[in-house]
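Got the model open in your viewer? Let's walk through it one selection at a time.

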Amino acid sequence: MNEAGQHSKIAIGCDHNGLEIKNLLRDHLIERGCEVVDFGVHDNEPVDYPEIAGSVAEAVQKGTFNRAVLVCGTGAGMAIAANKVPGVRAVCVHDPYTAERARASNDAQIMTLGSQIVGSSLAIQLIDIWLASEFQGGRSAPKVAKICELERKYWNVASVSGCTDRETKSALAATLQPERLLTPWLGTSWKMNKTRTEAREYAQLLIEAMEASPLPATVFILPPFTALDSVCEITRGAALKVGAQNMHWADDGPYTGEVSPLMIKESGAELVELGHFERRQEFGETDSSVNRKVRSALEHGLRPLICVGETDVQQAYSVAEEVVACQVKIALHDVGTDRIPDILIAYEPGWAIGEKGTEANPVHVNAMHLRIREVIGYQYGQSIAEKVHILYGGSVTSTNAAAFACQPEVDGLFVGRAAWEVGSFVDIIRTFCATRSELPASPLAGNLIGVA
Ligand code: PGA
């Protein structure tokens, strides 16, 4: 066996058929100095093996254990069930060679055994070999990465989570879109707040905070039109992007009270927010006007931040996915494939925005982001969809930022009230980035479930 300390905490479980072997292995491991957590069963009462396999595999996925053993009649059902949990690799083992290769080639965290196939002494031999073997990395790393990639494709979980090996992780990082996962976008719209003086002061303080301790994120602020020029002047040369909160699609014309893309561009702004919920509700913004604005922004070299989100009524009728899919499709109508990576999307359900907003469940948010990416993927292909940053907005605070950061489809945050004071915006950014950077160590997918 390996140094006892290395795998000192092992989960073990069985169905009624595996009881005897499981108890034998548990006692053997305890004797070898391991801390064993026995997930049962503890008697011969018949039990459906997926129940035990599920609890053990989920504990592995969350990082509570990095090794586990499951026993049933053949070992097959346990392996199949455990492998349904994202990030988990379970191998059914009947012989010493497979026990060794399951670790060395496949980086399996779970070994399953068949009590009707292996006897007591072989079971002990197999567990000793399996625990003594380590993942070899090297040529096996990209293969395990591809397992994770498959998982990601079908289960839509950032499978970086399931990789315990550094080489595998980097091979996987290369196959996933590292940009979306590794550099989140975090921004705030000040809505109709802040005079020019206040805006300049805020921008200055934010730049200082960012320079004092650089962040692995793209940070942006959206001041009101009146402060756009002066904020851009202050942020010139700084790692802080500035954008407008709306624009007209036309270059000029008889549109009283409107601001054109040329005017925004001249101010030095790089981004433009389009289709915010408040504009849709209060000022009659429609999906088709958002689409005209998106195309115009792209033509003028402005990065559109397209806001989508359902109302509380639409949510109550369970049509959020359909509504948001429709908003995304129309917003992107006639936008060329090559322009898609230049677009940002913010999912902001109306019921979560503002003082009266209700905090969104991060798992719901993740599912909506997934749906948005599917819509883009259907139209432009999955690899293009993977390049789009989809941000979440609506009652984001420094307290809930970490929970959103744990969601693999959340590529950043778009914050209102909680970011109108520099210090708390910086807190939100730092919390999000710190949580993201810790995730590979504590599985991303594990957190996904943990938050639910
Ligand atoms: P809130 O606003 O964070 O104040 O809820 C979010 C938004 O409208 O973008």
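Before the first stop, a word on pairing: two strands count as paired if DSSP finds at least two bridges between them. Keep in mind, too, that this is a predicted model.

**Stop 1: the open sheet**

Start by selecting Ile-10 and Val-36. Val-36, in β2, is the bridge partner of Ile-10. Now widen the selection to the two strands: β1 covers residues 9-14 and β2 covers residues 35-38, and the two run parallel, joined by 4 bridges. To see how the chain gets from β1 to β2, follow it through helix α1, residues 19-31; this β-α-β crossover is right-handed.

Next, add strand β3, residues 67-72. With β1 it makes a parallel pair over 5 bridges. Pick out Ile-12 and you'll find its bridge partner in β3, Val-69.

Which strands make up the whole open sheet, and in what order? Color them and read across: β2-β1-β3-β5-β4, 5 strands with parallel pairing. At the edges sit β2 and β4 (90-92), each pairing on one side only. From one strand to the next, the twist averages 20°. While you have the strands on screen, one thing to look for: in a regular strand the side chains alternate between the two faces of the sheet.

**Stop 2: helices across the sheet**

Show helix α2, residues 49-61. This helix lies across β1, β3, β4 and β5 (110-114), and runs at about 165° to β1. Then bring up helix α5, residues 120-132, which lies across β3 and β5 and runs at about 165° to β5.

**Stop 3: two backbone oddities**

Here's some background: most residues other than glycine have a negative phi, and most peptide bonds are trans. Now zoom in on Gly-40 and Val-41. The peptide bond that joins them is cis, with omega about 5°. You'll find Val-41 in the loop between β2 and α2.

For the other oddity, select Asp-107, in the loop between α4 (96-104) and β5. Its phi is near 50°, a positive value in a residue other than glycine.

**Stop 4: the barrel**

Move along the chain and select β6 to β13. How many strands does the closed barrel have? There are 8, running β6-β7-β8-β9-β10-β11-β12-β13 with parallel pairing. Here the twist averages 25° from one strand to the next.

For a close look at one pair, take β11 (residues 344-347) and β12 (residues 389-393), which pair in the parallel sense over 4 bridges. Tyr-347 makes a handy landmark, standing opposite Tyr-392 in β12.

**Stop 5: a pair of helices**

Two packed helices are described by the angle between their axes and the distance between the axes. Try that on helix α9 (residues 196-212) and helix α19 (residues 422-438): their axes come within 10 Å and cross at roughly 40°. This crossing is right-handed. To see the contact itself, show the side chains of Tyr-202, Leu-205, Leu-206 and Ala-209 on α9, then Val-422, Phe-425 and Val-426 on α19. What kinds of residues make the contact of α9 with α19? The tally is 7 nonpolar, no polar and no charged.

**Stop 6: the ligand**

Finish by selecting the ligand and the 14 residues around it; those that come nearest are Ile-353, Gly-393, Ser-395, Gly-416 and Arg-417. Color this shell by residue type and you should get 5 nonpolar, 7 polar and 2 charged.

How values were computed
Residues numbered from 1 in each chain as written. Predicted model: local features only at pLDDT ≥ 70, side-chain atom pairs only at ≥ 80, totals over all residues. Near = placed C-beta within 6 Å. Nonpolar A, V, L, I, M, F, W, Y, C, P; charged D, E, K, R; others polar. Right-handed = clockwise from strand over helix to strand, strands pointing away. Axes fitted to C-alpha atoms, helices over the stretch in contact; angles between N-to-C directions. Left-handed = near helix turned anticlockwise from the far one by under 90°. Contact = placed C-beta atoms within 7 Å.
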